[in-house]
Amino acid sequence: MKMHRCNKNGCRNLIPINQKYCDTHKIKEQQKDRLKELEMKRLQSISKAYEYNKDRHTAYMHSARADELDVQWYQSPQWRRLSSQIHVIDLYTCRICGHVQLPNETMVTDHIIPRRTAPELAMTASNLWLLDRTCHNKKTAIERKRTPEQLKIMTRDEWIRLLE
């Protein structure tokens with residue numbers, strides 16, 4: 001019967017030609033393969049969650065509300081860069097409820113004074129904060145009930161008091 005050495009570096013055990021590792025190293029290699037497989041599954045699940053949320057986040061791209069929401073502006077590289085900076089500055093934490101972003105969630109970079117009310121503050125970092133979806137929806141509902149003059153004088157602290 002033909003024999004060769006174990007594929008494990010430094011191992012001198014002779015094994016049959018149809019095997020890769022000796023009995024000692026076969027178990028260790030199986031464990032490594034299992035860990036790699038689990039890591040791949042974990043990464044795929046994160047990727048699937050990201051893809052799902054990405055599709056949900058851009059659902060308005062081709063809808064009738066695209067112009068109303070000014071989707072093109074939110075897709076610009078400048079906004080994306082600034083938005084990711086706000087995520088880091090706020091430590092991926094909602095500034096109202098303190099919820100920390102999980103891997104399969106998306107947080108919203110929100111304008112404290114809405115962009116339609118004060119377009120000159122649209123790209124100002126001091127006018128931006130990070131909110132989870134629930135808090136953002138509450139804030140948006142309140143914004144719709146207020147006049148532009150009322151919205152212009154709202155501060156971060158007033159929004160926090162109002163939304164808590």
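Which residue follows α4, and what is the sign of its phi? Before I answer, please keep in mind that this is a predicted model, in which local features need pLDDT of at least 70 and side-chain atom pairs count only at pLDDT 80 or more, while totals for chains, interfaces and linings use all residues. Residues are numbered from 1 along each chain as its sequence is written, and side-chain values use heavy atoms, with hydrogens and water left out.

The residue after α4 is L91, and its phi is positive, near 55°. Helices here are DSSP runs of H or I with at least four residues, and strands are runs of E with at least two, numbered from the N terminus.

On the inward side of this helix, the buried residues (under 20% relative accessible area, where over 50% is exposed and in between is partly exposed, with a 1.4 Å probe and protein chains only) are W79, L82, S83, I86 and H87. They cover an arc of only 150° around the axis, taken from the directions to the C-beta atoms, which puts them on the same side of α4. These residues pack against α3 (71-74), β3 (108-111) and β4 (128-131), where contact means heavy atoms within 4.5 Å.

Turning to the aromatic residues, W73, Y74 and W79 form one cluster, with rings, for Trp the six-membered one, pairing if their centres lie within 6.5 Å, and planes under 30 degrees apart counting as stacked, over 60 as edge-to-face and the rest as tilted. Y74 counts as partly exposed because its relative accessibility is 30%. The rings of Y74 and W79 have centres 5.3 Å apart and planes at 85°, so this pair is edge-to-face.
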